[in-house]
Amino acid sequence: MSNSVNSATLEVVNPFDLKPIGEVGLVDWPTIDGWLNTASQLHKTRANWLPMHQRIAILKKTAQLMQGRFDELAFQIANEGGKPLMDAKVEVTRAIDGVELCIKELGHLTGTEIPMDLTAAGSGRMAFTTREPIGPVVAVSAFNHPLNLIVHQVGPAIATGCPVLVKPASATPLSCQAFVNMLYEAGLPEEWCRFAPCKSDVAEQMVTDPRVAFFSFIGSGAVGWRLKSKLAPGTRCALEHGGVAPVIVDDCADFEAMIPALVKGGFYHSGQVCVSVQRVYVPEDMATALAQAIADKASKLKVGNAILADTECGPLVNPNEVKRVEHWVNEAVAAGAQVLCGGQRLGDTSYSPTVLLNPPRDAKVSTQEVFGPVVCVYGTESLTDAIAQANSLPVAFQAAVFTQKLKVAMRCVREIDATAVMVNDHTAFRVDWMPFAGRRQSGYGVGGIGHTMHDMTQEKMAVIKL
């Protein structure tokens with residue numbers, strides 16, 4: 001790869017033992033400025049556009065390269081991101097499927113015929129639409145799925161013919177770099193995709209540049225909304241932030257079946273998932289038993305270095321996050337929450353899987369995204385009370401309900417403020433072709449590979465007078 005960078009480098013460490021595992025060069029603004037100029041000219045000069053069959057061939061080859069380096073990619077995800085190796089392997093599978101999904105979705109990215117003779121004014125004409133690439137894309141990504149998120153942002157840009165600059169999370173740039181290099185190896189000219197790790201001020205200058213046609217962001221709400229407010233006129237965007245995912249448990253729910261789902265949804269990647277199970281609302285007389293059942297299973301999870309095959313919960317992304325989670329839990333306990341398991345740090349880089357019973361409803365663990373291995377269980381007076389609590393925050397993403405009653409399931413689907421309500425499954429369920437989005441402060445626009453490809457194209461209509 002022939003990136004021109006300044007002398008600054010970014011050291012990458014294993015988040016469990018904090019040992020260096022690699023480094024990448026930070027890209028300076030003059031380099032990015034040149035890349036944006038090139039991207040803008042690529043889009044403006046239509047003779048330079050890559051034909052669809054060429055893009056398809058590149059993506060097919062990329063998927064083959066990823067499959068051939070499956071174990072290497074999984075180890076890298078675990079090593080730089082702290083996601084347990086068993087889950088990192090699932091991420092690689094999803095990422096490969098995601099590249100292949102970009103190819104499949106191209107067949108659905110079509111225009112339509114617009115009837116013209118509905119009135120006399122339009123008679124004697126025919127009209128149809130086509131879809132064109134929107135222009136240069138800038139993607140800013142998060143650490144928690146360091147390969148699959150990049151595929152979700154960069155894959156659609158390549159598929160639709162948009163030049164793209166991608167800034168990975170500073171903690172996890174190696175998986176992004178590997179994916180970009182595989183695109184090059186598969187035949188993509190470098191000017192169509194630039195690996196752009198950079199400092200925050202440079203990233204903001206890149207994002208807000210008027211040459212950017214589409215901004216894709218996955219990360220914190222505070223950063224995403226601030227950047228959106230500074231976008232140049234005309235720049236479209238999609239923002240994916242976090243939530244404080246609620247789960248409602250009905251009194252007839254299958255108790256035994258839901259415990260593994262709640263534990264997986266709450267402690268997968270040590271809770272560092274934007275739709276991780278966080279708030280579980282249960283009838284008052286069931287709350288203690290359910291919380292204890294979750295705690296019994298959570299307390300058996302093995303915490304350790306994510307690169308080890310038997311690790312089930314890895315570290316948090318950095319020691320400051322461990323301190324924050326510790327502070328939030330201690331605050332909730334001091335205010336009356338009962339700790340049923342965990343509730344303590346395990347060294348500087350890990351926090352024990354924790355279940356809290358009835359923390360105050362105004363505590364940070366009840367009102368803000370923990371993004372750590374903490375599940376809160378609350379006794380509720382009624383289904384109405386549970387739904388009200390689920391809807392009480394300014395964030396809304398995915399939610400869940402466990403019940404064997406169709407009436408209860410449909411009431412929750414109808415009344416919970418969420419973009420998706422899972423029935424008898426945890427809140428973190430996702431397949432990569434479904435719409436994936438936050439409401440209100442949780443995001444803007446709709447993710448999912450096909451939806452992103454639609455956003456990265458724009459419609460053009462031809463009206464022909466016969």
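## A tour in four stops

**Stop 1: the open sheet.** Start by selecting three strands, S3, S4 and S22, which form an open sheet in the order S3-S4-S22 with antiparallel pairing. Its edge strands are S3 (113-114) and S22 (457-465), each of which pairs on one side only. Keep in mind as you click around that this is a predicted model.

Now bring up S4, residues 125-133, together with S22: nine bridges join the two, and they run antiparallel. To pick out one of these contacts, select Met126 and look across to S22, where its bridge partner is Ile464. If you switch on backbone hydrogen bonds in your viewer, recall that strands of a sheet pair through them, either parallel or antiparallel.

**Stop 2: strand S16.** Next, select residues 374-380, which make up strand S16. Is this strand buried or exposed? Seven of its seven residues are buried, so S16 is largely enclosed by the rest of the structure. Turn on the side chains and sort them by direction: Val374, Cys376, Tyr378 and Thr380 point one way, while Val375, Val377 and Gly379 point the other way. Both sets are buried.

Which strands pair with S16? One is S11, residues 279-283, which pairs with S16 in the parallel sense over five bridges. Another is S15, residues 354-357, also parallel to S16, this time over four bridges. For a residue-level view, select Arg279 and find its bridge partner in S16, Cys376. Then do the same with Leu357, whose partner in S16 is Val377. You have met both partners already: Cys376 is in the set pointing one way from S16, and Val377 is in the set pointing the other way.

**Stop 3: Phe371.** Step back from S16 into the loop that links helix H12 (364-367) to this strand, and select Phe371. What is odd about its backbone? Phe371 has a positive phi, about 50 degrees, although it is not a glycine. As for its surroundings, Phe371 counts as buried because its relative accessibility is 18%, and the cut-off for buried is under 20%.

**Stop 4: Leu18.** Finish by selecting Leu18, in the loop between strand S1 (9-13) and strand S2 (20-25). Here is another positive phi at a residue that is not a glycine, with a value of about 60 degrees for Leu18. Show the surface and you'll find Leu18 partly exposed, at a relative accessible area of 39%, whereas Phe371 is buried.

Definitions and conventions:
Residues are numbered from 1 along each chain as its sequence is written. This is a predicted model: local features need pLDDT of at least 70, side-chain atom pairs count only at pLDDT 80 or more; totals for chains, interfaces and linings use all residues. Side-chain values use heavy atoms; hydrogens and water are left out. Buried means under 20% relative accessible area, exposed over 50%, partly exposed in between (1.4 Å probe, protein chains only). Two strands pair if DSSP finds at least two bridges between them.
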